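Got the viewer open? Here is a short walk through the model, one selection at a time.

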Amino acid sequence: MNALIIDDSHAMRRILGKMMTGLGFEILEAENGAEGWEAFLANTDSIEVTLVDWNMPVMTGLEFVEAVRARNEFATDKLVMVTTETEPVQMTRALMAGVDEFVMKPFTTEILIDKLKLIGVRMPTSVAK
């Protein structure tokens, strides 16, 4: 079971990758929304959840979410925005675009687990209690 992590920060991809592998996920990574879109399309059947940053070059996280939600076959794919954006207007924009949940930076593994459970992400390990 895969988790796709899309973030232009190498450090954030490592942090999220370590958290998600600790939960039993295999990781796919992309540096921006455009690379993430390619990885998403190539692996959509094996991706359980996509964790996407908002502010990235080439294609933003919001643009990525809009691209996913524009296709009916991806209507139930789980999308989590991992961001420093905390303004209600921005959160509303992302929810309207189709984000399932937010994780605000900085965060803990426990917060990430709670958010994943909240949106029904199947956990590959005993974390799913």
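**Stop one: the aromatic rings**

Start by selecting Trp 37 and Phe 74: both are buried. Keep in mind as you go that this is a predicted model. The two rings make an edge-to-face pair, with centres 6.3 Å apart and planes at 85°. Now zoom out to see what they connect: Trp 37 belongs to helix α2 (residues 33-43), while Phe 74 is in the loop between α3 (61-69) and β4 (78-83), 37 residues apart.

Next, add Phe 40. Its ring centre is 4.9 Å from that of Phe 74 and the planes meet at 80°, so this pair is edge-to-face. Phe 40 lies in helix α2 and Phe 74 in the loop between α3 and β4, so the pair ties together parts that are 34 residues apart in sequence. How buried is Phe 40? Its relative accessible area is 0%; Phe 74, at 5%, counts as buried because the cut-off is under 20%.

Bring in Phe 64 and you have the whole cluster: ring pairs link Trp 37, Phe 40, Phe 64 and Phe 74. The model has five aromatic pairs in total.

**Stop two: helix α4**

Move on to residues 88-97, which make up helix α4, and pick out its buried residues: Gln 90, Ala 94 and Ala 97. They span an arc of only 60° around the axis, so they sit on the same side of α4. Show the surroundings too: α3, β4 and β5 (101-104) are among what covers these buried residues.

Turn to the other side of α4 and you meet Pro 88, Val 89 and Met 96, which are exposed. Last pick: Gly 98, just after α4, with a positive phi of about 120°.

Methods. Residues numbered from 1 in each chain as written. Predicted model: local features only at pLDDT ≥ 70, side-chain atom pairs only at ≥ 80, totals over all residues. Heavy atoms only, no water. Phe/Tyr/Trp six-rings, centres within 6.5 Å; stacked < 30°, edge-to-face > 60°. Helix = DSSP H or I, 4+ residues; strand = E, 2+ residues; numbered from the N terminus. Buried < 20%, exposed > 50% of the residue type's maximum accessible area, 1.4 Å probe, protein only. Arc of directions from axis to C-beta. Contact = heavy atoms within 4.5 Å.
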